[in-house]
Amino acid sequence: MHKLSTDETFHFELLRLLAHTTYGGADVSEVLIAAEEIVPGDFESWSVAWNRRAERVLSQVPKMKNPVSIRDAMFRASTYSRAADFFLHGNWEDPRIASLWKRQAECFDKAIALLDNPGYRKLVKADGFDVPIIVFPAGKAGDGKKRPTIVLGNGYDGSMEEIYHMHGVAALERGFNVVVYDGPGQPTVRRDQGLGFIHNWEAVVSPILDYLEKHEPSVDMSKVGLLGYSMGGYLAARAAAFDQRIAAVFQIDGLYDFTQTPIFSPDKGLGRTGAQDLAGTQAILNNPNVPTGFRWALGHGLWAFKVQTRAEFLEKASNFSLVGVADKIQCPVFVGDAQHDMFFQGQPQMMAEVLGDKATLVTLTDEDGAGEHCHFGAGRYTNYMMYEWFEEKVVKA
């Protein structure tokens, strides 16, 4: 595959942003222009380049008259604003963490209000916190038809707005309602409520299902699929182990035990030896010679788990395991496996082995452009595989 940056981490994140073009979240040349402006491994140049793209798109909006043009521009400005925030979390005091997110949400809300069947935000009460969701009804507004519904959750670093473009639009095209959400540790809840990740994700998903059951009559509660993206593969499976209302789980991709992944390897990952106290942690974050992926994974992880040191982070992350939990899952599980997943290699196979007949292990390959983590860049192929499986296992069952 053509490299979008000489820095491996930047290449991967640029591919991720380029993948937004498939379902209206970005445009090809805008992504490539930003890629040219970014200095490999330089977090500040990344933010400046993407902020420039967002501002450029927003400067065009006052000239637009057609609501389709405005909607498309707002979706792109939202994506580029999120991108500008992505590498900033190593410094919790950076004011852009709040301001860029406020702008991305405002742009996204203006866009979804202009959909043929507009999406809308709700705040769902959970035990001690709130779960923000966005509901996207399928079909024509007010048609009263009960439909299968896909609940989409992101993972370690992504947002509910992002996952709308990755898998939400494709579900709507197939006649499924879509609900996206953020839980503790994820972008909206981390900012608005100051909460880091929790491992007992049923505390997030079950209140969403309660809300859908009581307040969304278009949802066929016998046909609810739950998708987890990246680390969200663990989160979705964990929720399904404790809530039997979930008819099917999509792990994109399969994740069984978070700290047993290459991310935490003792040689190159977050589990490497060295100082784990506050001073040692900050020394890593402030050292430009530390590999980009390591600096980012640590900096964002501290922010998302709301801890100050690598030792605290490793302790909390160790709870994100399905050992002794996965066998409680009763529904079918689509276990995605990326051929060259640099984060979760081997995890899908572990998950499938534990699940037995409940698992459908699907390896997506480089030949189909789907071999990267979360199959970035192969959205249409991945959605075809996922949703036809769902139709077979749930919709037509």
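**Strand S4 and the charged pairs around it**

Me: Asn177, Val179 and Tyr181 point one way from S4, Val178 and Val180 point the other way, and all are buried. What makes strand S4 (residues 177-181) largely enclosed by the rest of the structure?

Reply: Happy to start there, with the reminder that this is a predicted model. Buried means under 20% relative accessible area. Five of the five residues of S4 are buried, so the strand is largely enclosed by the rest of the structure.

Me: How do you know that strand S2 (residues 130-136) and S4 pair, and in which sense?

Reply: Pairing takes at least two bridges. S2 and S4 have four bridges, in the antiparallel sense, so they pair by that cut-off. One of the contacts on this side puts Phe136 opposite Val178 of S4, its bridge partner.

Me: And what joins strand S3 (residues 147-153) to S4?

Reply: Five bridges do, with S3 and S4 running parallel. Here Leu152 has Val180 in S4 as its bridge partner. S3, H6 and S4 together make a right-handed β-α-β unit.

Me: Helix H6 brings us to the charged pairs. Why is the contact between Glu162 and Arg16 called a salt bridge?

Reply: The side chains meet at 2.7 Å, N to O. The cut-off is within 4 Å, so the pair qualifies. It links distant parts of the chain: Glu162 lies in helix H6 (residues 160-173) and Arg16 in helix H1 (residues 8-19), 146 residues apart. Both Glu162 and Arg16 are buried.

Me: What makes Asp85 buried, and which residue does its side chain meet in a salt bridge?

Reply: Its relative accessible area is 3%, and buried means under 20%, so Asp85 is buried. The partner is Arg191, at 2.8 Å, N to O.

Me: For the salt bridge between Lys125 and Asp130, how do you know which partner is buried and which is exposed?

Reply: Exposed means over 50%, and Lys125 has 63% relative accessibility, so it counts as exposed. Asp130, with a relative accessible area of 15%, is buried. The two side chains meet at 3.3 Å, N to O. In another case, salt bridges that share partners join Glu13, Arg16, Asp157 and Glu162 into one network.

Me: Last one: why is the contact between the side chains of Asp94 and Arg96 called polar?

Reply: The contact spans 2.8 Å, and the limit is within 3.5 Å, so the pair passes on distance. Asp94 sits in the loop between H4 and helix H5 (96-112). At 12% relative accessibility, Asp94 counts as buried.

Technical notes. Residues are numbered from 1 along each chain as its sequence is written. This is a predicted model: local features need pLDDT of at least 70, side-chain atom pairs count only at pLDDT 80 or more; totals for chains, interfaces and linings use all residues. Side-chain values use heavy atoms; hydrogens and water are left out. Helices (H or I, at least four residues) and strands (E, at least two) are DSSP runs, numbered from the N terminus. Buried means under 20% relative accessible area, exposed over 50%, partly exposed in between (1.4 Å probe, protein chains only). A polar contact is a pair of N or O atoms within 3.5 Å; within protein, one must be able to donate a hydrogen and the other to accept it, and residues adjacent in sequence count only if both atoms are side-chain atoms. A crossover is right-handed if, with the strands pointing away from the viewer, the path from the first strand over the helix to the second runs clockwise.
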